[in-house]
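Let's go through this protein together, asking at each step what lies behind the labels. Have the sequence and the model at hand.

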Amino acid sequence: LMLRCESVTLVRADSLAADACGRFPAVALIEIMAQAIGIYAGRLQRLAGELPLWVCFSARAECSLPISFFTPGDKLFCRVQKKLK
């Protein structure tokens with residue numbers, strides 16, 4: 001059994017994370033990933049018959065991206081998945 005969560009984010013010039021030129025900073029992908037992980041974790045809790053909990057993770061990570069910004073109209077895809085035995 002494999003459970004997963006997928007999201008598609010359309011970059012818009014009026015996004016909260018957009019700069020004055022309407023560009024979406026690539027580092028903001030971390031927030032998109034965090035939102036998808038939260039949805040995934042909440043769904044797993046619901047499937048287990050529990051109420052979703054607010055969880056805060058603190059981690060130190062390094063991220064290297066080949067570009068600095070995305071432009072309006074770009075689509076950002078995120079997938080969270082875990083194989084269950």
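Q: Where does Leu-44 lie?
A: Leu-44 sits in helix α1, which covers residues 29-47. Helices here are DSSP runs of H or I with at least four residues, strands are runs of E with at least two, and both are numbered from the N terminus. Do keep in mind that this is a predicted model, in which local features need pLDDT of at least 70, side-chain atom pairs count only at pLDDT 80 or more, and totals for chains, interfaces and linings use all residues. Residues are numbered from 1 along each chain as its sequence is written, and side-chain values use heavy atoms, with hydrogens and water left out.

Q: Why is Leu-44 called partly exposed?
A: Its relative accessibility is 28%. Buried means under 20% relative accessible area, exposed means over 50%, and partly exposed is in between, using a 1.4 Å probe and protein chains only. Leu-44, at 28%, therefore counts as partly exposed.

Q: How far apart are Leu-44 and Arg-4 in space?
A: From C-alpha to C-alpha they are 9.6 Å apart, with their positions 40 residues apart in sequence.

Q: What makes Arg-79 and Glu-6 a salt bridge?
A: Their closest N and O atoms are 2.8 Å apart. A salt bridge needs a side-chain nitrogen of Lys or Arg within 4 Å of a carboxyl oxygen of Asp or Glu, so the pair of Arg-79 and Glu-6 qualifies. Arg-79 belongs to strand β4 (residues 75-83) and Glu-6 to strand β1 (residues 2-10), so this pair ties together parts that are 73 residues apart in sequence. In general, side chains of opposite charge can pair when their charged atoms come close.

Q: Are Arg-79 and Glu-6 buried or exposed, and how do you know?
A: Arg-79 has 53% relative accessibility and so counts as exposed. Glu-6 has a relative accessible area of 46%, which makes Glu-6 partly exposed.

Q: How many salt bridges does the structure hold, and which residues are linked in a network?
A: There are four salt bridges. Arg-4, Glu-6 and Arg-79 are linked in a network of them.

Q: What makes Arg-12 and Asp-14 a salt bridge?
A: The closest N and O atoms of Arg-12 and Asp-14 are 2.6 Å apart, so the pair meets the salt-bridge cut-off. Arg-12 is partly exposed at 46%, whereas Asp-14 counts as exposed at 53%.

Q: How do you know that Asp-19 and Arg-23 meet in a salt bridge?
A: The N to O distance between their side chains is 2.9 Å, so this pair also fits the definition. Asp-19 is partly exposed at 24% relative accessibility, and Arg-23 is partly exposed at 31%.

Q: Why is Gln-45 called buried?
A: Gln-45, found in helix α1, has 15% relative accessibility and therefore counts as buried. Not counting residues up to four places away in sequence, Gln-45 touches Glu-50, Leu-51, Pro-52 and Leu-53, where contact means heavy atoms within 4.5 Å.

Q: Why is Phe-24 called buried, and which residues is Phe-24 in contact with?
A: Phe-24 is placed in strand β2 (residues 24-25), and its relative accessibility of 7% makes Phe-24 count as buried. Leaving aside neighbours within four places in sequence, its contacts include Val-11, Leu-29, Ile-32, Phe-69 and Leu-76. The C-alpha atoms of Phe-24 and Val-11 are separated by 6.8 Å, and these residues are 13 apart along the chain.

Q: How is Ile-37 classed, and why?
A: Ile-37 lies in helix α1 and is partly exposed, because its relative accessible area is 41%.

Q: What are the secondary structure elements of the protein, and in which order do they run?
A: The protein has one helix and four strands, which run β-β-α-β-β from the N terminus on.

Q: How many of the 85 residues count as buried?
A: The buried share is 20% of the 85 residues.
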